[in-house]
Amino acid sequence: MKNHLLLLLGGFICFTAFAVPQQQTFVGSTPAHGIVRNFLKISLTDSIDFIRWRLELKGKRFDLQCRYGLSKPGTQGFRDEKMVEFEGGFSKTGNQLDLRDNNKVLSVLQINDDLLHLLDQHNQMLVGNGGYSYALNSIDPGNTAGFNLQPVKTTLKYPLAYQGRTPCQELSKILGLNKTAACDKMKWYIIFYTDSLTGQPSHYLKGGSSFKKEAIEKGKWRIINKHDGRIIFEVTPDSKAYTLHLLKGDDNILFFTDPNGRVLIGNENFSYTLNRRMEPISAAHRY
C-alpha cells in the first residue's frame with residue numbers, strides 16, 4: 001500500500017511540474033512566417049507587415065484571435081486590418097505545446113510560465129527581424145526567474161549580429177536611461193566581436209535605426225556560464241553606466257533579463273527578444 005501511495009504521489013508531482021495554468025492569455029506581434037500563415041489560413045500572397053496575437057489557454061483548449069495587415073505609419077496599428085479567429089485543442093509534452101486546428105498544428109515553446117515562443121517545423125525557435133520577434137507574452141506576468149531552456153555551447157563564426165525592438169519603460173528604468181513617458185519602444189542592433197587570436201569576446205558595437213558616428217555605442221562584452229546551465233551575454237558600454245544582460249535561448253535568439261536573471265516580459269506590440277541577423281549591416285563596420 002505504501003509503495004502504491006508513493007507511485008501515485010510521484011506521478012502527481014511529475015504531472016504538476018509541467019502543468020499549464022487553467023486559464024492564461026498571451027499577446028504579441030510577430031512577422032508572418034509561412035508556417036504561421038499556414039496555421040492561420042492566411043494566403044502566402046497577402047501583403048503583411050506583422051501579425052498581432054491574442055492566445056487564450058483554457059484547460060486543454062485555446063481561443064486564438066489574430067489581426068494582421070500592413071502597418072499604419074506613426075502608429076502601432078494597421079492601415080488595412082484583417083482578422084482571423086478560431087478555437088481548438090492543444091497537447092503538451094515537456095515544455096512544448098502543440099496547438100491543433102483540424103489537421104493543422106502550430107508548435108509553441110514554453111520559455112517559462114509567462115513567455116511562449118513559436119517554433120518551426122524542426123521544433124526550433126522561429127527567428128524574427130528588426131521589428132518583431134516570435135515571442136508571446138503573458139498579460140499578467142508573475143515575478144518569475146524561471147527559464148526552461150538548456151542552451152548548448154556552440155562555436156559560432158563572429159561577428160554575430162542581433163536586432164529587434166523592445167518595450168521602453170521597464171528596460172529604461174532597469175538601465176537607468178531615464179526615458180520620458182512618451183517612449184514606447186527601443187530599437188536594438190548589436191554586433192559582437194571576438195579577438196582574432198584568442199577567440200575570446202573583445203568588443204561590441206550598438207546602433208539603433210542608423211549608424212551615424214555620434215549614435216554608435218561601443219563597449220566590452222563577456223560570456224557568463226551559470227551553474228544552472230544559463231548562458232549570459234553581459235554587455236557593458238564604455239561611455240555609459242549600465243550593464244545589459246542577454247540570456248541565450250539558442251544561437252539565434254537572445255532574451256533580455258534584469259540583473260537578477262528574471263526574463264523580461266513584453267506586451268502586445270513588442271517583446272524583450274533579439275533575433276540574429278545572418279549578415280551584419282555593412283555600414284556598422286566603419287566604426
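**Two eight-stranded barrels**

Strand β1 (residues 23-30) and strand β2 (residues 50-58) pair up in the antiparallel sense, over eight bridges. Strands and helices here are DSSP runs numbered from the N terminus (E, at least two residues, for strands; H or I, at least four, for helices), and two strands count as paired if DSSP finds at least two bridges between them. One contributor to this pairing is Thr-25, whose bridge partner in β2 is Glu-56. The model is a predicted one, with local features needing pLDDT of at least 70 and side-chain atom pairs counting only at pLDDT 80 or more, while totals for chains, interfaces and linings use all residues. Residues are numbered from 1 along each chain as its sequence is written, and side-chain values use heavy atoms, leaving out hydrogens and water.

Both β1 and β2 belong to a closed barrel of eight strands with antiparallel pairing, running β1-β2-β3-β4-β5-β6-β7-β8. From one strand to the next, the twist averages 30°; angles like this run from 0 to 180 degrees between N-to-C directions, with axes taken as lines fitted to C-alpha atoms (for helices, over the stretch in contact).

Further along this barrel, strand β6 (residues 104-112) pairs with β7 in the antiparallel sense over four bridges, and a hairpin of two residues joins them. Gln-110 has Leu-116 as its bridge partner in β7. On the other side of the pairing list, β7 and strand β8 (residues 135-138) are antiparallel too, over three bridges, with Leu-115 standing opposite Asn-137 in β8. In a regular strand, side chains alternate between the two faces of the sheet. In β7 (residues 115-118), Leu-115 and His-117 point one way and Leu-116 and Leu-118 the other, and all are buried, where buried means under 20% relative accessible area, exposed over 50% and partly exposed in between (1.4 Å probe, protein chains only).

What about β3? Phe-62 is found in this strand (residues 61-69) and is buried, with a relative accessible area of 0%. Leaving aside neighbours within four places in sequence, Phe-62 is in contact (heavy atoms within 4.5 Å) with residues including Phe-39, Leu-55, Leu-57, Phe-86, Phe-90, Leu-99 and Arg-100. Arg-100 lies 38 residues from Phe-62 along the chain, yet their C-alpha atoms are separated by 9.1 Å.

A closed barrel of eight strands, again with antiparallel pairing, runs β9-β10-β11-β12-β13-β14-β15-β16. Here the twist averages 30° from one strand to the next. Within this barrel, four bridges join strand β13 (residues 231-237) to strand β14 (residues 244-248) in antiparallel fashion, and Val-235 stands opposite Leu-244 in β14.
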